[in-house]
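Trainee: Could we go through the aromatic rings of this structure together?
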Amino acid sequence: MNSTAQSPCILIVDDSEDDFVLIARQLHKTWPTASLFHAADKAALVDALQQHDADVVICDYSMPELTHDHAADLLEQYRPGTPLILLSGLATEAHGIAAMHAGVRDYVEKSKPERLVPAIRRELDTLRLRREKHLLEQAHRRAVYFDASSGFLNREGLLKALSGLMVNHAQGQDLCLFSIQLSRHQMRGMELDPRARRNMLDRVVGRVREVFPNDILCRWSDTTLVVVSNGFDWAHPDNALLERLSTVETQLNRPFLIENISLRPRMRLGLARPGRDGAHAAELVTHAQAVAGVLELRAFELFRAVESEVHSLAKRRRTIELGLAKGIENHQLVLNFQPIEDLKTGQVCGLEALVRWTHPELGLIMPGEFIQVAEDTGLIEALGDWVIRSAARHVKAFHTAGHPLWCSVNCSVGQLMNPDFPAKAVASIRDSGLDTHWIEFEVTESAAIDHMDNTVAALNQLRAAGCSIAMDDFGTGYASLNYLRLLPMNVLKIDKSFVSDLLDSPSSRKIVQAVIDLAHALSLVVHAEGIETAEQRQALVDMGCDRLQGYLFSKPLGADALLCWLNKGAGPGPA
C-alpha cells in the first residue's frame, strides 16, 4: 500500500460500465489524482487484485456472475485486510447489515451516493492509522532486534532468530555459528583516531556481508560479529567443509585499503555447533570465542576448529575465563622467582618474577595459558598491577633479609597500550618502599614492534622514572636495527631457542655471537635464557654474555624457598 489519503488507489467491482463511470466521476471530485480501477467479472477482479494494491475496494452487492460473497473471498485470498465497501441499489438494509457482520466494512445504498465519499474517507483514515502503527512497530522491532550502524541483528535479534533455527534444523545439526573478533589491541591502537577506527569497523562489516551473503549476521558487540550459517556436515567433515573454512579465513583477513594505506585486519575466528556447544546465543558465542583463543594460542588455522580436541581445550579455556577474576581477588595467584646469574661473578644478581595460578578445579595453570585469557577478557591490567605490587613487596622483603636483588617483571601489550600504566606501575613500586631502579620491566619483541608508538612512550616514562627496560625473546620476531635504536632499552634477552642449539648448530652460535656483539656496541646488557648445561654456560661466558637464567643455575622458586636458597650461600653479586 503505497498511496496516501490525497491520492488513494480504489478498485471498483461492478458489472456495469455506466455505473463505474458515475462512481469514478464522483470520486474524482474529491480525489482528483486518485487511481481508479474497474473489474466487471471474476477474471478481471483476480487480475486487478494481483496487479494493484488497492487501499479500498467498492463492490456491487449483486452481479450475475460474481456475488459480493465470492468477491470478498477473492479479496481475502489475494489482498487480506483490504477494506470492502458494498454499494447496491437492490439489497435491503438488512442485507447490508448481515454483510457487515460477515466482515464487510460498510454498506452504501446507490440511492444515497453522498454517503460513499465519507465511508471511503473513514476507511482511508483507518488505513493511515494502521500504517502509522505498522511503521511504529517496524521501528520498534528494528530498535529491539537490529543494530543501527550495521543493519545486522543485535543480541536480542540473534537470540530470537537462533531459537527458530534450532527448531527448523533438527536442533542445529547442520548449523554453524562463527565468532569474528577484531583484535583488541588493533582497535585500541585506533582509539586516538576515531575516523580510522570507524573506517575499519565499516570495512569489516562490509567484508563480513560480502563473505556471508546468504547467512544470518549479528553485531554482538563493538568488536565482535557473529554469523549463523547452515549446511555444515559436522558428523563427516570432508575436504569440502575444510576448504570452505579455509576460504572464509582467507577472505576475511584480506587487507583493506583505508586512505591509501593497506591495512590487514587481525580477526580472531572461532566457531561453535548449536546444540552441542550450547543451546543459547550467549553460550554459543562464548564457546566460539574460546575456540578462537585456542586456535590463536596454538597457531592453528580455522579448519582445525572441527577437531574435538580444540573444543575440549575451549571448554577448559572457558573455565579459566570464569575463574580468573576470582583467582586474582581471592589470592589464588602466587609469584615464583627464578634467580639470574651474573657471569662476571658467578653469583645471583637478580630475579625474574613468574606468576603461577593454582585453580581449585584444574590445578596448576601456567602463565602461557591464562595470560592470553587475561588479555582477551580485559583482566590483564588488574593481573599486571597485582604482579608489580606483589613483586615489589617481595623484593623489599628480600632486601630486608639481606639480599639486595633487582627483579624483572613482564609487561603485556594490554598494559603498554594503557597511557596510565607507567604512572600506576611507578606508584606501586614506590608504595612498597622500594626504589624504582630495583625493578626491570620486560617487553617481548613482537609486542614492542606491533605497537611501536605506544611502547616507546610507555617505556620512556618507565625509564625516566629509574626503571630498567629489557627486550624479551629477542630474535624470535622481526626486530630490525632501527627498532633497537628507537626502543629505550637497557637489556637484550636472547631467546632460549637459540641457546638450545648453541653447541650443535654453527648458525645458532654465529647468531648468538652477533647479537652479543651488537648489544655491547649499543651499550646493552646481554641476558641469555634457558641455560641447562655447563657447556652452554661456558660457551656463553666465552662469547662475552653478561648474565644468564636457567635450570642450570636455579629453577623458579617460591618466596620462602628462594630465601632458604639465598641463605645457603648463593649470595648476591653487585646490585
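Mentor: Certainly; we shall discuss aromatic pairs, burial and a charge over a ring. This is a predicted model, in which local features need pLDDT of at least 70, side-chain atom pairs count only at pLDDT 80 or more, and totals for chains, interfaces and linings use all residues. Residues are numbered from 1 along each chain as its sequence is written, and side-chain values use heavy atoms, with hydrogens and water left out.

Trainee: How many aromatic pairs are there?
Mentor: There are six aromatic pairs. Rings of Phe, Tyr and Trp (its six-membered ring) pair if their centres lie within 6.5 Å; planes under 30 degrees apart are stacked, over 60 edge-to-face, and the rest tilted. One of the pairs is Trp-357 with Phe-370, edge-to-face at 5.7 Å centre to centre and 90 degrees between the planes.

Trainee: Which parts does that pair tie together?
Mentor: Trp-357 lies in strand S13 (residues 347-359) and Phe-370 in helix H12 (residues 367-377), so the pair ties together parts 13 residues apart in sequence. Helices (H or I, at least four residues) and strands (E, at least two) are DSSP runs, numbered from the N terminus.

Trainee: Is Trp-357 buried or exposed?
Mentor: Trp-357 is buried, with a relative accessible area of 0%. Buried means under 20%, exposed over 50%, and partly exposed in between (1.4 Å probe, protein chains only). Phe-370 is also buried, at 0%.

Trainee: Now a new topic: which ring has the charged end of Arg-304 over it?
Mentor: That is the ring of Phe-300, with the charged end 3.9 Å from the ring centre. The rule requires NZ of Lys or CZ of Arg within 6 Å of the ring centre and within 35 degrees of the ring normal.
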